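Q: Please choose a single part of the structure shown below and look at it closely. I would like a connected account that also sets this part against the rest of the chain.

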Amino acid sequence: MLLGMGLFLALMGLLLLGLGKLFSIGRLPGDIYIQRGNFTFYFPLVTSLLLSLILTVILNLLFRR
């Protein structure tokens, strides 16, 4: 079961990387991006909220009894 979860997480990571290049979902207004000299800080606040909302709706539709 642990191996299956690891493979699932790896596939989801690859899927998100691929979709990120197609739709540039990681650069939404509201995401925190600070770049000063050789320091860069990026926190995708709005992106994570949007993904959470979408996944919640999809999973509720799939697992509704």
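A: Helices, here, are DSSP runs of type H or I with at least four residues, and they are numbered from the N terminus. The model is a predicted one, and the part chosen for a close look is helix H2, which covers residues 45-62.

To place this helix, it helps to begin with the chain around it. The protein chain has two helices and two strands, and these follow one another along the sequence in the pattern α-β-β-α. For a compact globule of 65 residues one would expect a radius of gyration near 11 Å, whereas the protein chain has 15 Å. The C-alpha trace, for its part, spans about 50 × 25 × 20 Å along the principal axes. Of the 65 residues, 3% count as buried, and the chain exposes about 6,100 Å², of which carbon and sulfur atoms supply 75%.

Within helix H2, three residues can be followed in turn. Leucine 51 belongs to this helix and has a relative accessibility of 28%, so it counts as partly exposed, since the buried class is reserved for values under 20% and the exposed class for values over 50%. Leucine 55, also a residue of helix H2, has a relative accessibility of 46% and therefore falls in the partly exposed class. Isoleucine 58 lies in helix H2 as well, and its relative accessibility of 41% is the reason that this residue, too, counts as partly exposed.

Leucine 55 and isoleucine 58 are among the residues of a nonpolar surface patch of about 980 Å², which is made by Leu50, Leu53, Ile54, Leu55, Val57, Ile58, Leu59, Leu61, Leu62 and Phe63. Leucine 51 is not one of the residues listed for this patch; patches are made of residues with over 30% relative accessible area, and leucine 51 stands at 28%.

Two distances relate the helix to other positions in the chain. Leucine 51 is separated from proline 29 by 22 residues in sequence and by 14 Å in space, taken from C-alpha to C-alpha. Leucine 55 and asparagine 38, in turn, are 17 residues apart in sequence, with 35 Å between their C-alpha atoms.

The two strands complete the setting. Strand S1 (residues 32-36) and strand S2 (residues 39-43) run antiparallel and are joined by five bridges. Isoleucine 32 stands opposite phenylalanine 43 in S2, while glutamine 35 stands opposite threonine 40 in that strand. The hairpin of S1 and S2 has two residues between the strands, and glycine 37 takes a positive phi near 60° there.

The structure also holds one aromatic pair. This pair is formed by tyrosine 33 and tyrosine 42 in an edge-to-face arrangement, with 6.1 Å from centre to centre and 65° between the planes. Tyrosine 33 counts as partly exposed because its relative accessibility is 40%, and tyrosine 42, at 32%, is likewise assigned to the partly exposed class.

Conventions: Residues are numbered from 1 along each chain as its sequence is written. This is a predicted model: local features need pLDDT of at least 70, side-chain atom pairs count only at pLDDT 80 or more; totals for chains, interfaces and linings use all residues. Side-chain values use heavy atoms; hydrogens and water are left out. Rings of Phe, Tyr and Trp (its six-membered ring) pair if their centres lie within 6.5 Å; planes under 30 degrees apart count as stacked, over 60 as edge-to-face and the rest as tilted. Buried means under 20% relative accessible area, exposed over 50%, partly exposed in between (1.4 Å probe, protein chains only). The radius of gyration is taken over C-alpha atoms; the globule rule is 2.2 Å times the number of residues to the power 0.38. Accessible areas come from the Shrake-Rupley method with a 1.4 Å probe; for residues, only the protein chains shown count as cover. Patches are made of residues with over 30% relative accessible area and no salt bridge: like charges are joined within 9 Å, nonpolar side chains (Val, Leu, Ile, Met, Phe, Trp, Tyr) within 5 Å. A salt bridge is a side-chain nitrogen of Lys or Arg within 4 Å of a carboxyl oxygen of Asp or Glu. Two strands pair if DSSP finds at least two bridges between them.
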